[in-house]
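Here is a short report for a reader new to this structure. Please look over the sequence and the model first.

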Amino acid sequence: MKRMEVIDLFDVKYDRMSDKINEILVDIQQKGTVVDFKVLGSALNKCAVFILYEED
């Protein structure tokens with residue numbers, strides 16, 4: 001089954017963004033396989049990362 005995970009980066013400091021995204025990606029990779037991703041927003045500190053993954 002395909003699932004969507006949303007990583008909200010609103011007001012996350014730039015030096016913390018990679019850590020936050022990587023932490024969530026590790027959790028997703030334990031559940032399944034990443035299929036696609038999109039980044040939507042007007043600025044780095046006002047965006048979200050949408051990750052589509054397929055559960056194992």
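In what order do the elements of the chain run from the N terminus on? They run β-α-β-β. The model is predicted.

## Overall layout

The chain has 1 helix and 3 strands. Strand S1 covers residues 2-8. Helix H1 covers 14-31. Strand S2 takes in residues 32-41, and strand S3 takes in 47-55.

Along the principal axes, the C-alpha atoms fill a box of roughly 35 × 20 × 10 Å. The chain has 56 residues, and 21% of them count as buried. Its accessible surface is about 4200 Å². Carbon and sulfur atoms hold 52% of that surface.

Contacts can also be sorted by sequence separation. Take the contacts in the chain with a separation of 6 or more: residues 24 or more positions apart account for 52% of them.

## How the strands pair

S3 is joined to S1 and also to S2. Seen from S1, 7 bridges lead to S3, and the two strands run antiparallel. One bridge partner pair is Met 4 with Leu 52 in S3.

S2 and S3 run antiparallel as well, with 9 bridges between them. They form a hairpin, and 5 residues lie between the two strands. Gly 32 stands opposite Glu 55 of S3. Val 34 has Tyr 53 of S3 as its bridge partner.

In a regular strand, side chains alternate between the two faces of the sheet.

## The nonpolar core

Which residues make up the largest nonpolar core? There are 10: Ile 7, Leu 9, Val 12, Met 17, Ile 24, Ile 28, Cys 47, Val 49, Ile 51 and Tyr 53. H1 and S3 each supply at least two of these residues. S3 gives the most, with 4.

Two core members are worth a look, Ile 28 and Ile 51. Ile 28 sits in helix H1. Ile 28 counts as buried because its relative accessible area is 1%, and the cut-off for buried is under 20%. Leaving aside residues up to four places away in sequence, Ile 28 touches Glu 5, Val 34, Ile 51 and Tyr 53. Ile 28 and Tyr 53 are 25 residues apart in sequence, yet their C-alpha atoms are 7.4 Å apart in space.

Ile 51 has contacts of its own. Beyond its neighbours within four places in sequence, Ile 51 is in contact with Arg 3, Met 4, Glu 5, Ile 7, Leu 25, Ile 28, Val 34, Asp 36 and Phe 37.

## The loop between S1 and H1

Phe 10 lies in the loop between S1 and H1. Is Phe 10 buried, partly exposed or exposed? Phe 10 counts as partly exposed because its relative accessibility is 48%, and that class runs between 20% and 50%. Phe 10 touches Asn 45, Lys 46 and Cys 47, not counting residues up to four places away in sequence. Phe 10 and Leu 44 are 34 residues apart in sequence, and their C-alpha atoms are 8.0 Å apart in space.

Asp 11 is in this loop too. Asp 11 is exposed, since its relative accessible area is 55% and the cut-off for exposed is over 50%. What is the phi of Asp 11? It is positive, at about 65°, although Asp 11 is not a glycine. Most residues other than glycine have a negative phi.

## Lys 38 in strand S2

Lys 38 belongs to strand S2. Lys 38 is partly exposed, because its relative accessibility is 48%. Which residues is Lys 38 in contact with, leaving aside its neighbours within four places in sequence? They are Ala 48, Val 49 and Phe 50. Lys 38 and Ile 24 are 14 residues apart in sequence, and 15 Å separate their C-alpha atoms in space.

## Charged side chains

How many positive and negative side chains does the chain have? There are 8 positive and 11 negative ones. The centres of the two sets lie 5 Å apart.

Definitions and conventions: Residues numbered from 1 in each chain as written. Predicted model: local features only at pLDDT ≥ 70, side-chain atom pairs only at ≥ 80, totals over all residues. Heavy atoms only, no water. Core = buried A, V, L, I, M, F, W, Y, C linked by side-chain atoms within 4.5 Å. Buried < 20%, exposed > 50% of the residue type's maximum accessible area, 1.4 Å probe, protein only. Contact = heavy atoms within 4.5 Å. Areas by Shrake-Rupley, 256 points an atom, 1.4 Å probe, with all protein chains shown as cover. Lys, Arg positive; Asp, Glu negative; His and termini not counted. Charge placed at Lys NZ, Arg CZ, Asp CG, Glu CD. Pairing = 2+ DSSP bridges.
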